[in-house]
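Hi everyone, thanks for making time for this. I'd like to walk you through one small piece of modelling today, so please have a look at the screen.

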Amino acid sequence: MISYEPFYQTLLKKNMTIYHLIYKEGMSANTFQRMKNGKAITTQTLDTLCYILDCEVEDIIRHDKTQ
């Protein structure tokens, strides 16, 4: 199962909010709703998040084999 826990930790480290990503960067609120519920996002969205947050993929998602 994919976990988005690293994303929330990265937001804290970068001093960024989901509000900023939606209203200042133009990302879809639906994206964050999907992430909150553990649903899939596109690789394009993942790429965009990495670009905006200046981070790596592993700073956004983690594969959790225990679930």
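Let me start in the middle, with helix H3. What covers the buried residues of H3? The cover includes helix H1 (5-13), helix H2 (18-23) and helix H4 (43-53). Before I go on, please keep in mind that this is a predicted model.

Which residues of H3, spanning residues 29-36, are the buried ones? They are Thr31, Phe32 and Met35. Looking down the axis of H3, these buried residues fall within an arc of 90°, so they line one face of the helix. As a reminder, an α-helix has 3.6 residues a turn, so residues three or four places apart point the same way.

The two ends of this helix are nice to look at as well. At the N-terminal end, Ser28 acts as the cap of H3, with a side-chain oxygen 3.1 Å from the backbone nitrogen of Asn30. Just after H3 comes Gly38, which takes a positive phi of about 75°.

Now let's zoom out to the whole chain. There are 4 helices and 2 strands, and along the sequence they follow the pattern β-α-α-α-α-β. For 67 residues, a compact globule would have a radius of gyration near 11 Å, and the chain agrees, with 11 Å. The C-alpha trace spans about 35 × 25 × 20 Å along its principal axes. If you take the contacts with a separation of 6 or more, 60% of them are between residues 24 or more positions apart. Buried residues make up 31% of the chain's 67 residues. The chain exposes about 4,800 Å², and carbon and sulfur atoms supply 50% of that.

On to the inside. In soluble globular proteins, nonpolar side chains tend to be buried together. Here, the largest nonpolar core has 15 residues, and those with the most contacts inside it are Phe7, Leu21, Phe32, Met35, Leu49, Leu53 and Ile60. The elements giving two or more residues to this core are H1, H3 and H4. Which of them gives the most? That would be H4, with 5 residues.

Leu49 is a good residue to click on here. Leaving out residues up to four places away in sequence, Leu49 touches Phe7, Leu21, Met27, Phe32, Met35, Ile41, Cys55 and Ile60. Phe32 and Met35 are familiar by now, being buried residues of H3.

Next, a stop near the start of the chain. Ser3 lies in strand S1, residues 2-3. Is Ser3 buried or exposed? Its relative accessibility is 17%, below the 20% cut-off, so Ser3 counts as buried. The Ser3 side chain reaches the backbone nitrogen of Glu5 at 3.2 Å. Ser3 also touches Ile60, Ile61 and Arg62, again not counting residues up to four places away in sequence.

Finally, for those of you who like checking backbone angles, here are two residues with positive phi that are not glycines. Asn15 has a phi of about 55° and sits in the loop between H1 and H2. Asp54 has a phi of about 50°, and its place is in the loop between H4 and strand S2 (62-63). How open are they? Asn15 counts as exposed because its relative accessibility is 74%, and Asp54 counts as exposed at 62%.

That's my tour, and I'm happy to take questions.

Note on methods
Residues numbered from 1 in each chain as written. Predicted model: local features only at pLDDT ≥ 70, side-chain atom pairs only at ≥ 80, totals over all residues. Heavy atoms only, no water. Buried < 20%, exposed > 50% of the residue type's maximum accessible area, 1.4 Å probe, protein only. Polar contact = N/O pair within 3.5 Å; in protein donor to acceptor, adjacent residues only side chain to side chain. Contact = heavy atoms within 4.5 Å. Arc of directions from axis to C-beta. Core = buried A, V, L, I, M, F, W, Y, C linked by side-chain atoms within 4.5 Å. Rg over C-alpha atoms; globule rule 2.2 N^0.38 Å. Areas by Shrake-Rupley, 256 points an atom, 1.4 Å probe, with all protein chains shown as cover.
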